[in-house]
Protein chains: 2
Amino acid sequence: MEPFTPRQNAVLECALQLLVAGGERALTTAGLARAANCSKESLYKWFGDRDGLLAAMITYQASKVRTPGPRDSMPTLDDFSRSLVVFAEDLMGVLGGDVSLALNRLAIGQADRDGAQLGALVREHGRLPIETRARALLELGRRHGYLKFSDTHEAYETLYGLIVRDNHVRMLLGESPAGLSEDRPRRARLAISQFFRLFGHGAQDIE
Amino acid sequence: MEPFTPRQNAVLECALQLLVAGGERALTTAGLARAANCSKESLYKWFGDRDGLLAAMITYQASKVRTPGPRDSMPTLDDFSRSLVVFAEDLMGVLGGDVSLALNRLAIGQADRDGAQLGALVREHGRLPIETRARALLELGRRHGYLKFSDTHEAYETLYGLIVRDNHVRMLLGESPAGLSEDRPRRARLAISQFFRLFGHGAQDIE
DNA sequence: AAATGAATGTACCGTACGGTACGGTTCCCG
DNA sequence: CGGGAACCGTACCGTACGGTACATTCATTT
């Protein structure tokens, strides 16, 4: 199901560029029409209104990301641990990406408007796929006896917290990513190491 | 050092109310003047321009929060653990508060503008005091032998991640705080329990 | 009481932007 | 070839908002 034509995708790509470059205030219908060599009338025909355009940008960006399903062939503990580290690095990479930051800022900036439409879209198309991928990974680990937990959601949230900490909000606030994306592999390994000490085989379940 | 007169404080309070109620788009100079029974000219005289007003709102709000310094009389392990739980509950309470969410949304929404002025203000007046309080607490715990870590910043970031997880961004995105602020004491105790398993006495330091 | 300073409220200006209308062009399909 | 659909570019409209100017009113001081 591809909800947009190639032409529309190109326009949306252009819109994302504008958003990343100059923030929401740089994303005007006139500006987008000029940058994408299309007419404002087409924009309104395709996306309804400006909010529709923003929503389309989010779903379009989400459609570009595909989550690699882990082949659940019997992995060794080392393989599994490496998979978690890869997930951690991927997560940090995604959250620190230009487009992700710009879209999250956009959705957060509009979180008061009618029903927080954009926030819901970001959660559904952006965060949920990541969560399902991670949950599958965690449950695979549990099935093989490498992890021990009772509540998958609880374990996932802990994993997320150990990986991301408050770096996401700091980046959203505009902190220079110099100190934040620094030594990403080391930070990933550290988080997974901590996670194993909380949920690894042999660790007691909480409470 | 009180940088604002009582009258200006009242106006800023009113501005915060407007911001919480309707988001940034509801905070217009004309609207604020009407709501606060002052003139636009006074607003510009006091705060320079709209950005100055936004900055003043942040510093004003920050001036209201005072971080209780822990009396470092020799606490028992139980006292100390309880202090951490209290910190965790306080942190969740602050981050989930109306005004905090509105101001963070405001700063994030303007993170592209000239130098991310607001983001820096939020970091300096909002997050830094919290961090210093927590660091003092952590080092107190280490001095008494209840905690074991080499890098205070690393320990603090882990603590923050265990407490907040991704709840802050989810709330910023507009997720109903129903499931998020649910059972806050339990979540606080859980986080501190996990933290002790990573950094408590007897735990091996990382790497 | 006069005067000075500050604050209010209203009116005004310029601009930027969302949304619409329209003429002209291209391209596809019968 | 002819007709229609889609689209481009531009021009236009209404409004909302940031910022300024000004006349009036209030309070404080001398």
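Salt bridges first. A search of the whole structure, which is a predicted model, finds 30 of them over all chains. Side chains of opposite charge can pair when their charged atoms come close. Let's walk through three of these pairs.

Pair one. The side chains of A:R123 and B:E175 form a salt bridge, at 3.3 Å from N to O. This pair crosses between chains. A:R123 sits in helix α7 of chain A, residues 117–143. B:E175 sits in a loop of chain B, between α9 (167–172) and α10 (184–199). Is A:R123 buried or exposed? Neither label fits: A:R123 has a relative accessible area of 22%, so it counts as partly exposed. The cut-off for buried is under 20%.

Pair two. A:E157 and B:R170 meet through their side chains in a salt bridge, with 3.4 Å from N to O. Again the pair crosses between chains. A:E157 belongs to helix α8 of chain A, residues 152–164. B:R170 belongs to helix α9 of chain B. Both A:E157 and B:R170 are buried.

Pair three. Here B:E154 and A:R165 meet in a salt bridge, 3.2 Å from N to O. Where does each partner sit? B:E154 is in helix α8 of chain B, residues 152–164. A:R165 is in the loop between α8 and α9 (167–172) of chain A. So this pair, too, crosses between chains. B:E154 has a relative accessible area of 17%, so it is buried. A:R165 is buried as well, with a relative accessible area of 3%.

Now step back from single pairs. Salt bridges that share partners build one network. From chain A, it takes in A:R123, A:R127, A:E154 and A:E157. From chain B, it takes in B:R165, B:D166, B:R170, B:E175 and B:R186. You have met several of these names already: A:R123 and B:E175 from pair one, and A:E157 and B:R170 from pair two.

On to the DNA. Start with strand D. How many residues surround DNA strand D? There are 15, and the closest are A:R7, A:S42, B:K40, B:E41 and B:R50. Which part of the strand does the protein meet? Take the atoms of DNA strand D within 4 Å of the protein: 56% belong to sugar or phosphate, and the rest to bases.

Look at some individual contacts. A polar side-chain atom of A:R7 is 2.6 Å from a phosphate oxygen of DNA strand D. A:W46 also points to phosphate: a polar atom of its side chain lies 3.5 Å from a phosphate oxygen of DNA strand D. A:E41 meets a base instead, with a polar side-chain atom 3.3 Å from a base oxygen of DNA strand D. Which elements give two or more residues to the surface near DNA strand D? They are α3 (40–47) of chain A and α3 (40–47) of chain B. The most comes from α3(A), with four residues. By class, that surface has three nonpolar, five polar and seven charged residues.

Next, strand C. DNA strand C has 15 residues around it, and A:K40, A:E41, A:R50, B:R7 and B:S42 come nearest. Of the strand's atoms within 4 Å of the protein, 55% are in sugar or phosphate, and the rest are in bases.

Contacts again. A:T29 uses its backbone: an N or O atom there lies 3.0 Å from a phosphate oxygen of DNA strand C. B:R7 uses its side chain, with a polar atom 2.5 Å from a phosphate oxygen of DNA strand C. B:E41 goes to a base: a side-chain N or O atom is 3.0 Å from a base oxygen of DNA strand C. The elements giving two or more residues to the surface near DNA strand C are α3 of chain A and α3 of chain B. That surface divides into three nonpolar, five polar and seven charged residues.

Last topic: aromatic rings. The structure holds twelve aromatic pairs over all chains. One of them is B:Y156 with B:Y160. Their ring centres are 6.1 Å apart and their planes are at 65 degrees, so the pair is edge-to-face. The cut-off for edge-to-face is over 60 degrees. The two residues are four apart in helix α8 of chain B, so about one helical turn separates B:Y156 from B:Y160. B:Y156 is buried, at 4% relative accessible area. B:Y160 is buried too, at 5%.

One more group of rings. In chain A, ring pairs link A:F4, A:W46 and A:F47 into a cluster. A:W46 is a name you know: its side chain also has that polar atom 3.5 Å from a phosphate oxygen of DNA strand D.

Technical notes:
Residues are numbered from 1 along each chain as its sequence is written. Chains are lettered from A and ligands numbered from 1 in the order in which they are written. This is a predicted model: local features need pLDDT of at least 70, side-chain atom pairs count only at pLDDT 80 or more; totals for chains, interfaces and linings use all residues. Side-chain values use heavy atoms; hydrogens and water are left out. A salt bridge is a side-chain nitrogen of Lys or Arg within 4 Å of a carboxyl oxygen of Asp or Glu. Buried means under 20% relative accessible area, exposed over 50%, partly exposed in between (1.4 Å probe, protein chains only). A residue is near a molecule or strand if one of its heavy atoms lies within 4 Å of it. A polar contact is a pair of N or O atoms within 3.5 Å; within protein, one must be able to donate a hydrogen and the other to accept it, and residues adjacent in sequence count only if both atoms are side-chain atoms. Ala, Val, Leu, Ile, Met, Phe, Trp, Tyr, Cys and Pro count as nonpolar, Asp, Glu, Lys and Arg as charged, and the others, Gly among them, as polar. Rings of Phe, Tyr and Trp (its six-membered ring) pair if their centres lie within 6.5 Å; planes under 30 degrees apart count as stacked, over 60 as edge-to-face and the rest as tilted.
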